[in-house]
Amino acid sequence: MPLPSPSTPLSDGAAVAATIPSSELHRVFREADERERATGRPVTKLHVGEPYFTPPPEVARALARAAEEGRTTYTDVEGLVELRERLVEKLATENGVDTDASRVFVTPGSCQGLAALMQAVAEPGAEILLPELHWPIHLQQALLAGLRPVFYPLGADYRPDPEAVLAAATPNTRVLLLNSPSNPTGAVLDAERLSALLGTARREGWQIISDEAYEHFVFDGAHVSTASLERDVPVSERIVHTVQTFSKSLAMTGYRLGYLATADERTARAVRIVQEANLIAMATPVQYAGLEALRLGHVVKENRAMVLANRDAALPAVRDAGLMAELPAGGWYAVLDVAPTGLTAEEFSARLLRTRNVAVVPGSGFALLPRLDARGRVLSAEPAPWSRHLIRIAVCGDPGTLRDGVAELLDFARECGGAVR
Ligand SMILES: Cc1ncc(COP(=O)(O)O)c(C=O)c1O
């Protein structure tokens with residue numbers, strides 16, 4: 001793909017942000033809410049990635065104490081030094097990642113951490129490799145940072161093959177985004193696969209952004225932080241930036257507390273500028289809540305066990321019905337293939353909501369292929385054709401709701417006839 005020419009005229013004056021598609025999830029949220037208002041009956045919400053477990057009370061108390069005691073001034077732009085030092089320890093002991101507080105940044109959710117990193121590594125005209133089935137926010141963030149998205153294929157098990165990733169790249173590729181465990185597929189990448197991808201990235205001169213939001217929700221195998229694989233490489237030569245969060249592990253979604261560790265000092269300098277410009281600093285009492293949260297490893301284990309129990313209660317029936325090849329190895333979601341019903345994902349999800357009051361997200365929202373103009377504005381965004389039968393459901397919700405929702409979904413799928421078992 002040619003690099004944009006600085007003399008390319010602005011054709012219609014539209015800002016890049018104004019051309020970026022909204023996440024499909026928001027449409028489903030709106031439709032489910034409208035249906036609840038119209039029918040006066042609750043919708044079974046299998047589209048929502050919000051856990052049924054709640055943040056530990058100790059965390060709320062730490063937040064309140066910090067606010068009451070007046071620990072409310074700005075912190076350093078990187079975040080509270082005590083918290084960053086504890087995060088360095090956490091990354092070392094839990095993830096095998098060797099880092100230093102000067103390269104760790106506290107962020108308002110890992111969402112902003114990812115956006116900050118993309119802005120920090122973006123070069124004009126550079127491309128980022130995203131998985132073909134991806135969290136839609138990754139795509140939005142890349143476009144806002146001025147990175148041009150290129151998609152790498154996933155195998156039948158939703159894992160990338162390093163050769164295929166390389167084949168998708170171009171001379172303008174600079175960044176590879178990895179997300180293990182994945183949203184939406186739940187695929188988990190093991191050390192061997194990650195080493196091969198890291199080797200390719202090194203040889204090609206790419207950087208890696210490793211989104212590990214669901215690190216504590218690996219059910220088959222173990223979570224491997226990509227950066228742990230380069231702990232013996234000199235800091236100045238490292239290429240893996242790690243992004244993690246409190247949102248999933250401790251259900252602290254609304255606290256907005258995440259963090260990142262840059263591979264090297266140069267990227268840390270760039271992230272510092274992005275944080276200065278976007279934040280000044282992260283909310284101070286929330287950072288004190290984070291310090292407390294880091295003491296609650298036992299709660300993280302309980303939360304993992306709850307999602308695993310949900311997965312094992314709800315999904316084997318979906319697999320046995322022929323709507324999924326294997327259970328997701330991790331994460332909070334599962335991707336179902338409704339092709340055996342003879343319906344497209346759009347038809348399936350619309351009819352499931354209308355006739356069974358169950359909301360799911362069509363997979364097309366996770367597989368948009370934007371066409372860009374030279375300045376990075378989106379001219380069009382069509383879903384990849386192979387995504388037309390995929391839907392995503394969340395398995396982190398209330399077990400009873402999940403059981404009932406999946407039972408309705410399977411009953412509806414069988415009613416459609418086709419090849420559903
Ligand atoms: C893959 C992935 N990364 C990052 C995030 C961001 O979460 P937060 O900003 O709450 O840390 C999410 C949230 O759904 C996600 O699914």
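These questions and answers walk through a predicted model, looking at the ligand, the sheets and a few unusual backbone spots.

Q: Which residues come nearest to the ligand?
A: Ser110, Asp211, Tyr214, Thr245 and Ser247 come nearest, out of 14 residues around the ligand. A residue belongs to this group if one of its heavy atoms lies within 4 Å of the molecule.

Q: What makes the approach of Cys111 to the ligand a polar contact?
A: A pair of N or O atoms has to lie within 3.5 Å. A polar backbone atom of Cys111 is 2.9 Å from an oxygen atom of the ligand, so the pair meets that limit.

Q: How do you know that Lys248 and Arg256 also make polar contacts with the ligand?
A: The cut-off is again 3.5 Å. A polar side-chain atom of Lys248 lies 2.8 Å from a ligand oxygen, and an N or O atom in the side chain of Arg256 is 2.7 Å from a ligand oxygen. Both pairs therefore count as polar contacts. As for cover, the protein buries 92% of the 400 Å² that the ligand exposes when taken alone.

Q: Where does the ligand sit, and which helix gives the most to the shell around it?
A: The ligand takes up the space of the largest pocket. Helix α5, residues 109-121, gives the most to the shell, with four residues.

Q: How do the residues of the shell around the ligand divide into nonpolar, polar and charged?
A: Five are nonpolar, six are polar and three are charged.

Q: Why are β9 and β11 at the edges of their sheet?
A: The open sheet has three strands in the order β9-β14-β11, with antiparallel pairing. β9 (333-337) and β11 (361-362) each have a single partner strand, so one side of each has no neighbour in the sheet.

Q: How do you know that β11 and β14 pair?
A: Pairing needs at least two bridges. Two bridges join β11 to β14 (residues 390-394), so the requirement is met, and the strands run antiparallel. Val361 stands opposite Arg392 in β14.

Q: What makes β12 and β13 a pair?
A: Strand β12 (residues 368-372) and strand β13 (residues 378-383) share five bridges in the antiparallel sense, and at least two are needed, so they pair. Pro370 has Ala381 in β13 as its bridge partner. The hairpin of these strands has five residues between them, and Gly376 there takes a positive phi near 90°.

Q: Which peptide bonds leading into Pro181 and Pro184 are cis, and where are these prolines?
A: The bond from Ser180 to Pro181 is cis, with omega near -5°, and so is the bond from Asn183 to Pro184, with omega near 20°. Pro181 is in the loop between β5 (173-179) and α8 (191-204), and Pro184 is in the loop between β5 and α8 too.

Q: What makes Tyr158 worth a look?
A: Tyr158 has a positive phi of about 65° although it is not a glycine. Tyr158 lies in the loop between β4 (148-152) and α7 (162-168).

Notes: Residues numbered from 1 in each chain as written. Predicted model: local features only at pLDDT ≥ 70, side-chain atom pairs only at ≥ 80, totals over all residues. Heavy atoms only, no water. Polar contact = N/O pair within 3.5 Å; in protein donor to acceptor, adjacent residues only side chain to side chain. Areas by Shrake-Rupley, 256 points an atom, 1.4 Å probe, with all protein chains shown as cover. 1 Å grid on protein atoms, 1.4 Å probe; cavity = no way out; pocket = protein on both sides within 12 Å on 5 of 7 lines; lining within 4 Å. Sits in = over half its atoms within 2 Å of the grid points. Nonpolar A, V, L, I, M, F, W, Y, C, P; charged D, E, K, R; others polar.
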